[in-house]
Amino acid sequence: MFGKDFPQLNDDLLRAIKQTVDQSFLNFTRSYGDTIEWIFSPLAFLLNASERMFTNAPWPVVIAACVLVAWLATRKLSVCLFVASTLVLIGLFDMWENTMKTLSMILVSTLIAIVAGLPIGVLMARSDRVQRAINPLLDVMQTMPSFVYLIPVVMLLGIGRVPGLIAVVIYAVPPMIRLTNLGIRTVDADILEASDAFGASHSQKLWTVQLPLAMPSIMAGVNQTVMMALAMVVIASMIGVQGLGQPVLRAINSQYFTLGIFNGLAIVGIAMAIDRITQGYGARLQKHIGAQNGSR
Amino acid sequence: MAPDNLCSIAVTSLYKIYGPDPDKSIDLLRDGVTKEEILKRTNNVVALNDVNIRIPSGSIQVIMGLSGSGKSTLVRHFNRLIDPTEGSLIVNGVDVMSLSPAELQRFRSYQTAMVFQRFALLPHRTVLDNVIYGLSLRRPHVRDAVDRGMTWLKRVGLEGYEKRYPSQLSGGMQQRVGLARALAMDAPLLLMDEAFSALDPIIRVDMQNILLKLQKDLRKTIVFITHDLDEALRLGDQIAIVKSGEIVQQGTAEQILTKPATDYVKSFVGEVNRGRYLRVEAGMVPWVGGTTRPGLTVPLGTTLEAALKTMAEHETASVCVLDERESPAGTLHLKAAIALTVR
Ligand SMILES: Nc1ncnc2c1ncn2[C@@H]1O[C@H](COP(=O)(O)OP(=O)(O)OP(=O)(O)O)[C@@H](O)[C@H]1O
Ligand SMILES: [Mg+2]
């Protein structure tokens, strides 16, 4: 029948393509693997330090610190209560250690995503050309199944926390970049013009007008970045990231239903807590910026 | 007209064309092609067409025109928020087109200040931090910025509001913050683009009075944009009327009212209460009474409206006008006053 078999490239050619690409990438990692590992060694240091901080701190200190952060960010008692009770439940159900490891991972990957994403977002907002160049890249990063880019990361850096961190950051950084760009681009043109009229330089405009007014949008980016990083926890555990993902993985392999559900719920609890903290902070930022003409 | 170096602003042969190919459109304009034709042929908008204006120091120059006539475009050339397509611009003795980006920032910071139609306050900063915004951008740092900010807040009547946020203030109060922010710069040139247009009529008159009162001490060069003839006549020492990118008449309120240059200006002027803006000087005849003591008197500068009211109250057909030294300068007859007022 016409159109039944697609006229595909012949098998030998396809095999040759795959082999050459794989082989050359393998050669690349063999000759440069050590250098690349060396480049990323500061990340390993950062991860270790952060994880030591979380796991060595006495649990009351950790809970107090988390509640303090929640209070400073949201000024809402309900959020503080939610944070405290989530952590207490996690501790009671024997998931404290893993939760601390996951929190450490989330903290570091979010920090890196902010440090990397913010300047890229600013550059994109400055120039349409940069925006056109970066947007498709972000699309790929967000839609490519995360398993696929685990492969080259693992080939380059092996199994462990650093490759896991890189995979998480690649997956989680696009919303940070996009929302920074969007936030800066939607800053009121009148206010920018006023800043110009009063003699602001480029950097003064960025620091006094663009970043502060884009802050609610940037905070939404941070929120999404954290959520996506949490979503990667289970996948990243397949390449050796410790934390709440590993018991879930074990539960899948051995069909331990309760083990899976407990750890899954812990991830959900952390996600909800962080979501409320970041959203609450975003709302407080919005108070004066958003309601231009309303009462407060 | 004063020589250029005494003017605060001297604009010569200024053209501004928005669109893909401005230079070609200038040639077309010079060849006598109309703006409408140019828009059709090249998709370019002629916003300013051969504008020439000299603005003297220390007075209020009003630029008046309908929506889309190019007022905002013109005033944004004075601090080069907009670059001209062609023409020369001297502001406070500086050729603004020759400035480098850094020099331009300095020029804007020290020579000009601006008040905006939609206030353009920074919503994330308190009222005081808004007022000192321009000062905070200056390098080296202005040490007494906060004191200066507080002084200006007081002068615009916003004492006690310094810790509020703009969103907590009414429109009129927000624009007073905008005015204080501009005045705190202590710059010789103040640009006001429809600064009071977004305000309610009563608040608007309040703001006009605040501005006139401040200007008595300040004697700055103020360029005030408006589409409202009443506002123009109230505020303007000089008034320029723009129509689709061209200045059709420049002059004092009296000149605009009594000698409208074109039918366009005439149609504008027809709507206005002339007695409120014309002064007795416009209608009086020289004093012929010798040294005899005049009866009913009014001082120079009195509006025709007020003079008419005085005459009506005393049921006389003329009134004597006194100069600053209280000696008679002229006589205003009822007939002349009515003829000028009612047209
Ligand atoms: N950036 C721009 N691009 C293209 N055309 C523009 C641009 N800015 C202004 N124009 C056009 O130039 C003309 C003059 O505009 P301008 O804003 O100076 O008028 P205006 O007198 O200030 O009007 P309004 O009272 O509405 O503020 C208008 O026809 C406008 O459509
Ligand atoms: Mg305008």
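Q: Where does the second largest pocket lie relative to domain 1 (57-273) and domain 2 (276-341) of chain B?

A: A pocket can be placed by asking which parts of a chain line it. In this predicted model, domain 1 (57-273) and domain 2 (276-341) of chain B both contribute lining residues to the second largest pocket, so this pocket lies between them.

Q: Which residues should I click on to find the centre of the second largest pocket?

A: Start with B:Leu233, B:Arg234, B:Gly236, B:Asp237 and B:Arg279, the closest to its centre among the 19 residues of the lining. The volume of this pocket is about 550 Å³.

Q: Which helices line the second largest pocket, and what classes of residue do they bring?

A: Tracing a lining back to its helices helps you find your way around. Here α9 (201-218), α10 (229-235), α11 (253-258) and α13 (274-277) of chain B each give at least two residues, and α9(B) has the largest share, with five. By class, the lining of the second largest pocket has nine charged, six nonpolar and four polar residues.

Q: How much space is in the largest pocket, and which residues lie nearest its centre?

A: The same reading works again: volume, then centre, then walls. The largest pocket holds about 900 Å³ of space. Its lining has 34 residues, and A:Phe54, A:Val69, A:Leu107, A:Ile274 and A:Ile277 are nearest the centre. In chain A, the elements giving two or more residues to this lining are α2 (41-56), α3 (59-74), α4 (77-92), α5 (96-126), α10 (202-231) and α13 (257-290). The largest share, eight residues, is from α5(A).

Q: How many charged residues are in the lining of the largest pocket?

A: Counting by class answers that one. The lining of the largest pocket has no charged residues, with 29 nonpolar and five polar.

Q: What does UniProt place at residues 99-278 of chain A?

A: A record can give a name to a stretch, and the model then shows its fold. The unreviewed UniProt entry places "domain: ABC transmembrane type-1" there, at residues 99-278 of chain A. In the model this stretch is 87% helix and 0% strand, with its end C-alpha atoms 19 Å apart.

Q: How much area do chain A and chain B bury between them?

A: An interface can be read by its residues and by its buried area. The contact involves 23 residues of chain A and 27 residues of chain B. Together the two chains bury about 2,200 Å², and 59% of that is on carbon and sulfur atoms. On the chain A side, A:Ala197, A:Phe198 and A:His288 provide 33% of the area chain A buries against chain B, more than any other three residues.

Terms used. Residues are numbered from 1 along each chain as its sequence is written. Chains are lettered from A and ligands numbered from 1 in the order in which they are written. This is a predicted model: local features need pLDDT of at least 70, side-chain atom pairs count only at pLDDT 80 or more; totals for chains, interfaces and linings use all residues. Side-chain values use heavy atoms; hydrogens and water are left out. On a 1 Å grid over the protein atoms alone, a cavity is a set of points where a 1.4 Å probe fits but cannot get out, and a pocket is an open set with protein on both sides within 12 Å along at least five of seven lines; lining residues have an atom within 4 Å of a point. Grid points are joined across faces, edges and corners, and a volume is the space filled by probe spheres set on the points. Helices (H or I, at least four residues) and strands (E, at least two) are DSSP runs, numbered from the N terminus. Ala, Val, Leu, Ile, Met, Phe, Trp, Tyr, Cys and Pro count as nonpolar, Asp, Glu, Lys and Arg as charged, and the others, Gly among them, as polar. Domain bounds come from an automatic or database domain assignment. UniProt positions are given in the numbering used here, feature names are shortened, and annotations may be inferred rather than shown by experiment. Contact means heavy atoms within 4.5 Å. Buried area is the accessible area (1.4 Å probe) that two parts lose on being put together, summed over both.
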